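Got your viewer open and your mouse ready? Let's take a short walk through this one, one selection at a time.

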Amino acid sequence: MSRLAAGVVLVTAHEPPLTEDGPRGEDVGMTATAFMSVSLDPPLVLVSLREGSRMDDLLAEQPVWAVSVLAEGQRQVAGRFSMKGRISDRLLFDDLPWSRGEVSGAPLLDGALATLECRTEFRTEAGDHTLVVGRVLSASVPVSDGRPLTYFKGGYRHLSA
Ligand SMILES: Cc1cc2nc3c(=O)[nH]c(=O)nc-3n(C[C@H](O)[C@H](O)[C@H](O)COP(=O)(O)O)c2cc1C
């Protein structure tokens, strides 16, 4: 599968606060390539999450989430949101330009080729991953003309012209 060139996305969601009067909830992000379009009518997408990963645990509780399709200049974003064993993502969003999605409350990256906000339709276990199928609730194109970040044979790549 390393020979299948893939686009790279950042999946994001807002972790609700533990109590209503507790500290604000945290924003969480995860770099993913196992993301695809499933259906046009209704508009459905799918992301495959490693079982037990922070995003898998979060989306078991949080039905709304978002996807930012990364542009070639966002390689550092992909790197920081794929680090293993990190405890908190709070600081990772601090120096990034982003806005909060109106429908999902999840971070949407400025400079992404496209952003989607989704609501989970269903989840199913598949081996050591969870397939999460989401209905697209909103879509936007922050950057009209950009090139994608891609991943191929274990490395980030750029499309040549
Ligand atoms: C290029 C790239 C693509 C990835 N794609 C996925 C993916 O599709 N699904 C997934 O669960 N993890 C994927 N990962 C791994 C997660 O980004 C990584 O496991 C996660 O951010 C670390 O958090 P965790 O400790 O909770 O797993 C990918 C990593 C990289 C570098």
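Keep in mind as you click around that this is a predicted model.

**Stop 1: aromatic rings**

A search of the whole structure turns up three aromatic pairs. Start by selecting F81 and F93, which make a tilted pair, with 4.8 Å from centre to centre and 50° between the planes. Now colour by position along the chain: F81 sits in the loop between α2 (75–80) and α3 (90–94), while F93 belongs to helix α3, 12 residues apart. Are these rings buried or exposed? F81 has a relative accessible area of 1%, so it counts as buried. F93 is buried too, at 3%.

Keep F93 selected and add W98. This aromatic pair is edge-to-face, with centres 5.9 Å apart and planes at 65°. Switch on the surface and look for W98: its relative accessible area is 25%, so it is partly exposed. Show F81, F93 and W98 together, and you have a cluster linked by ring pairs.

**Stop 2: the largest pocket**

Next, hide the rings and find the largest pocket, with a volume of about 870 Å³. To land in the right spot, select M30, T31, A32, T33 and H129, the closest to its centre among the 31 lining residues.

Which elements supply at least two residues each of the lining? Highlight β3 (26–32), β5 (44–50), α1 (54–61) and β11 (149–152). Of these, β3 deserves a second look, as it gives the most to the lining, with five residues.

Finally, colour the lining by residue type: you'll get 14 nonpolar, 11 polar and six charged residues.

How values were computed. Residues numbered from 1 in each chain as written. Predicted model: local features only at pLDDT ≥ 70, side-chain atom pairs only at ≥ 80, totals over all residues. Heavy atoms only, no water. Phe/Tyr/Trp six-rings, centres within 6.5 Å; stacked < 30°, edge-to-face > 60°. Helix = DSSP H or I, 4+ residues; strand = E, 2+ residues; numbered from the N terminus. Buried < 20%, exposed > 50% of the residue type's maximum accessible area, 1.4 Å probe, protein only. 1 Å grid on protein atoms, 1.4 Å probe; cavity = no way out; pocket = protein on both sides within 12 Å on 5 of 7 lines; lining within 4 Å. Points joined across faces, edges and corners; volume = space filled by probe spheres on them. Nonpolar A, V, L, I, M, F, W, Y, C, P; charged D, E, K, R; others polar.
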